[in-house]
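Grab your viewer and work through the exercises below at your own pace. Each one sets a task and then walks through a solution.

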2 protein chains.
Amino acid sequence: MLIFIGMGLWDERDISCKGLEMARNADEVCIEFYTSKLMGTDLKRIERFIGRKIRVLERGDLEERCDRIIETARDRDVVILTAGDPMIATTHSALRLEAEKRGVRTTIIHSASIISAVCGLTGLHNYKFGKSATISWIPSRTPLDVINQNLSINAHTLLYLDLHPRPMLIRDGIEILMKIDGRIGDLFGVGIARAGSTNPDVKCDRLKKLIDYDFGDPLHVLVVLSKKLHFMEFECLKVFADAPDELEKLVE
Amino acid sequence: MLIFIGMGLWDERDISCKGLEMARNADEVCIEFYTSKLMGTDLKRIERFIGRKIRVLERGDLEERCDRIIETARDRDVVILTAGDPMIATTHSALRLEAEKRGVRTTIIHSASIISAVCGLTGLHNYKFGKSATISWIPSRTPLDVINQNLSINAHTLLYLDLHPRPMLIRDGIEILMKIDGRIGDLFGVGIARAGSTNPDVKCDRLKKLIDYDFGDPLHVLVVLSKKLHFMEFECLKVFADAPDELEKLVE
């Protein structure tokens, strides 16, 4: 069986008790740091915590060379550890699909994901998030198109920031967007740094002002707010994200 | 400190190792089954696993009588255990807001949430999910409005099903929607039952056909698909959710 186990958001202790037990009992344990990263730990600490030697998978092991892993999982329990919740990265669903097509069973042990963590950290209502997008180092209109689509239905936009060749900071992401369309800088956003750690940083302001805010170390993500806020969302952003008073005019 | 700890999706072993350790070391441990439920376990098993006596909170303890918990947390570590990831329910962010306003520190230990789990179980791309909504036993146009908004930007809609007075089944939810607007029955959807368990059930078809499909025990959620699917989403739905061949016409 091919077992995808989420490691959660920050360090080795964010894995679920069930995931830990399955990793300890598996025939082979692999990990991939390509689709996301755990900033609060490293391979050695993870190996010590789980009590197993872990093989690090490269992108190619998950994609063009996925044969090896799938065929090993036909008769043995192979665990793939991933940061966050597995399958948020399309790479994982492609691998799971290929395994199931070949008759190799798969299972998923879920874990915390940035998707739901942003709601907790910001106080923004989960049901008001629209489509999400990634800001890549290679500029693209896609994130702007998604923001505009979401604004048209009064939805927030969660923007992931590129990890390669280095983790993008909130500042970088906003600058990339503003180079394509400067008007975006007037929108309100919330930056979230180090979700899942003991010192997350959450700050709300107009995007053009967030460029000057020091969020500290990555990983960072960015939320662009919808045109209207629920009163409770505004209250939470004031207290949790030091939002400016002028944000109140968005309350519907 | 007021510590919100997510319990994940199914049973007592879905809590993270970090969450378990914090619950074991807290001065007081509470749990609430109001905003969501863990169907794969019960209070006794959770108490045994954590090794602590746990106080069950009613809705009123979280809302109008929240004073007691907040003031206890001023000098002691009070844990509130919740199914899923904390803060997805607005009740939790309201409680956290009130605590922080009074100068009582709060922290969140994240866990798996149905939001990200549906991506893993269905193969649908996370970035294509739009706003979500709840289908209540008391009929409302809101879920239909949200579906239509999401369709206008080619986004999927995750629909939660009411838990009170009893957990709504996928069949009930679709019937409630179709009584308001029968045309909705022609849209394609994916029903997901028992996410996080060892026997989740995932089935894709037109909504009017899903009414006759037996998903088994709750909890259930429902996704209404966008007008267009990515080719990989279609492939995954065929393999993971036994989707009908006619779904292929949605592939863009």
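**Exercise 1. Decide whether A:His125 is buried or exposed, and list what surrounds it.**

Step 1. Keep in mind that this is a predicted model. Find A:His125 in the loop between helix 6 (114–122) and strand 6 (133–135) of chain A.

Step 2. Check the accessible area. The relative value for A:His125 is 5%, and buried means under 20%, so A:His125 is buried.

Step 3. Collect the contacts, skipping neighbours within four places in sequence. From chain A you get A:His156, A:His230, A:Met232 and A:Glu233. There's also a residue of chain B on the list, B:Thr90.

**Exercise 2. Describe the overall build of chain A: how many helices and strands does it have, and how does its radius of gyration fit the globule rule?**

Step 1. Count the elements: ten helices and ten strands.

Step 2. Compare radii. Chain A has a radius of gyration of 19 Å, and the globule rule gives 18 Å for 252 residues; the two are close, so chain A is as compact as a globular protein of that length.

Step 3. Box it in. Along the principal axes, the C-alpha atoms take up roughly 60 × 35 × 30 Å.

Step 4. Look at burial and contacts. Of the 252 residues, 62% count as buried. Take the contacts between residues at least 6 apart in sequence: 73% of them link residues at least 24 apart.

Step 5. Finish with surface and charge. About 9,900 Å² is exposed, with 48% of that coming from carbon and sulfur atoms. There are 35 positive and 38 negative side chains, and the centres of these two sets sit 1 Å apart.

**Exercise 3. Work out how strand 4 of chain A is covered, and which strands pair with it.**

Step 1. Count buried residues. Strand 4 spans residues 78–82, and five of the five are buried, so the strand is largely enclosed by the rest of the structure.

Step 2. Split the strand by side. A:Val78, A:Ile80 and A:Thr82 point one way, A:Val79 and A:Leu81 the other, and all are buried.

Step 3. Find the partners. Strand 1 (residues 2–6) pairs with strand 4 in the parallel sense over five bridges. Strand 2 (residues 28–32) also runs parallel to strand 4, joined to it by five bridges.

Step 4. Zoom in on A:Ile80. Opposite it stands A:Phe4, and A:Cys30 stands opposite A:Ile80 too.

**Exercise 4. Repeat the analysis for strand 8 of chain B: which residues cover its two faces, and in which sense does it pair?**

Step 1. Strand 8 covers residues 188–193, and six of its six residues are buried.

Step 2. On one side you have B:Phe188, B:Val190 and B:Ile192; on the other, B:Gly189, B:Gly191 and B:Ala193.

Step 3. Pairing with strand 9 (residues 201–206) is antiparallel over six bridges, and B:Phe188 has B:Arg206 as its bridge partner there.

Step 4. Strand 10 (residues 220–224) is joined to strand 8 by five bridges, again antiparallel. Here B:Gly189 faces B:Val224.

**Exercise 5. Place B:Arg76 in sequence and in space.**

Step 1. B:Arg76 belongs to the loop between helix 4 (67–72) and strand 4 (78–82) of chain B.

Step 2. Its relative accessible area is 39%, so B:Arg76 is partly exposed.

Step 3. Now the distance: B:Arg76 and B:Met1 are 75 residues apart in sequence, yet 6.2 Å apart in space, C-alpha to C-alpha. Beyond four places in sequence, B:Arg76 is in contact with B:Met1, B:Asp27 and B:Glu28.

**Exercise 6. Track down some backbone oddities: where are the cis bonds and the positive phi values?**

Step 1. Set the baseline. Most residues other than glycine have a negative phi, and most peptide bonds are trans.

Step 2. Check omega. A:His164 and A:Pro165 are joined by a cis peptide bond with omega about 5 degrees. In chain B, the bond from B:His164 to B:Pro165 is cis as well, with omega near 5 degrees.

Step 3. Check phi. B:Asn154 has a positive phi of about 55 degrees, and B:Asp242 has a positive one near 45 degrees.

Step 4. Compare their surroundings. B:Asn154 is buried at 18% relative accessible area, whereas B:Asp242, in the segment after helix 10 (231–241) of chain B, is exposed at 52%.

Notes
Residues are numbered from 1 along each chain as its sequence is written. Chains are lettered from A and ligands numbered from 1 in the order in which they are written. This is a predicted model: local features need pLDDT of at least 70, side-chain atom pairs count only at pLDDT 80 or more; totals for chains, interfaces and linings use all residues. Side-chain values use heavy atoms; hydrogens and water are left out. Helices (H or I, at least four residues) and strands (E, at least two) are DSSP runs, numbered from the N terminus. The radius of gyration is taken over C-alpha atoms; the globule rule is 2.2 Å times the number of residues to the power 0.38. Buried means under 20% relative accessible area, exposed over 50%, partly exposed in between (1.4 Å probe, protein chains only). Contact means heavy atoms within 4.5 Å. Accessible areas come from the Shrake-Rupley method with a 1.4 Å probe; for residues, only the protein chains shown count as cover. Lys and Arg count as positive and Asp and Glu as negative; His and the chain ends are not counted. The place of a charge is taken as NZ of Lys, CZ of Arg, CG of Asp or CD of Glu. Two strands pair if DSSP finds at least two bridges between them.
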